[in-house]
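Q: I'm new to reading protein structures and would like a close look at one part. Could you walk me through the five-stranded sheet and what lies against it?

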Amino acid sequence: MEREFQFYVVPTPIGNLDDITLRAIDILKKVDIIACEDTRTSQNLLNHYNIHTKTVAYHKFNEKSKVEEFITLLKQGKKIALVSDAGTPMICDPGSILIKELINNNIKITALSGACAIPTFLSQVPRENELFTFVGFFPKTKQKAQELITEYSKSNLVFYESPNRIIDTLNLIKETRGNIQIALGRELTKLFEEIVIDNIENVITHFEQRIKGEIVCMIYASTESNIDLTTKIKQLKSKGFKSKEIATILSTLYDTNKNDIYKLTME
Ligand code: SAM
């Protein structure tokens, strides 16, 4: 009979320690090794649940070198679980190289469902349409960021961002798409959890130019009703475009009536 190698991907809480499943606790107790992004971070959770399994560091700096070791151990019959510092492994966290090699070696992967910042955020943010695009961490260069914001303007664009950069990012979004509607989730499942849904200027005012904690953000998809056409017209005028050209560009980009935009350019 073929031996079944056992490897588990186990989500852990993104803040509230109670957000772990019974199955996750059971598996973390029964495996031989827990591969952790940071063993000290995971140890807090393991202590909380009286889990005494051996931990091994597995992070982006030793990802490649650990793969062979884990595969050898799995083939020897050891059971391994992969966890990240918080949430679901592989969602902006290490794991991809390892999972690819496990698949190449025909090693069965069992992924548990569990905590992740994206669904926790999206499940409390109303949206007109289901379409969303998750792009991981927001790009760091202005050009890449602007390309992304423009390319995905018709989808709800969800991204992770650090508290140090978020105000600059919001200003950049405003510069590119106008003062549009966004949703921002902060410190989800934690004591100071907060969801703010408003236009960019009001969100920045709400936080008084300063935001702390962990953040997920969503730029609402463009619809006729939420595009800030006045700002767009001003931007295009400042670049020397004529009213007729502006009407053609904006009506094509946002499926709006060309004559209505032309009239707006005259105001
Ligand atoms: N694997 C994680 C997951 O499943 O969500 C994401 C890991 S990524 C390295 C860390 C980023 O996720 C943070 O910088 C923040 O943008 C987002 N995040 C994690 N926990 C969060 C929370 N409690 N509230 C809001 N955002 C969170």
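A: Happy to! Keep in mind that this is a predicted model. Let's begin with the outside of the whole chain: its accessible surface is about 14700 Å², and 50% of that belongs to carbon and sulfur atoms. Of the 267 residues, 46% are buried.

Now for the sheet itself. It is an open sheet of five strands, and if you walk across it you meet them in the order S6-S7-S10-S8-S9, with mixed pairing. At the edges sit strand S6 (132–137) and strand S9 (194–199), each of which pairs on one side only. On average, neighbouring strands in this sheet are turned by 15° against each other, if direction is ignored.

Let's zoom in on the S6 edge. Strand S6 runs parallel to strand S7 (residues 156–161), and four bridges join the two. You can find one partnership by eye: Phe137 has Tyr160 in S7 as its bridge partner.

Next, look for the helix that lies across part of the sheet. Helix H7 (residues 166–177) lies across S7, strand S8 (181–186) and strand S10 (215–219), and it runs at about 155° to S7.

Finally, step back to see where this part belongs. The chain as a whole has 11 helices and 10 strands. Its C-alpha atoms fill a box of roughly 75 × 40 × 30 Å along the principal axes. The radius of gyration is 23 Å, whereas a compact globule of 267 residues would have one near 18 Å. Among contacts between residues at least 6 apart in sequence, 67% join residues at least 24 apart.

Methods:
Residues numbered from 1 in each chain as written. Predicted model: local features only at pLDDT ≥ 70, side-chain atom pairs only at ≥ 80, totals over all residues. Heavy atoms only, no water. Pairing = 2+ DSSP bridges. Axes fitted to C-alpha atoms, helices over the stretch in contact; angles between N-to-C directions. Contact = heavy atoms within 4.5 Å. Rg over C-alpha atoms; globule rule 2.2 N^0.38 Å. Buried < 20%, exposed > 50% of the residue type's maximum accessible area, 1.4 Å probe, protein only. Areas by Shrake-Rupley, 256 points an atom, 1.4 Å probe, with all protein chains shown as cover.
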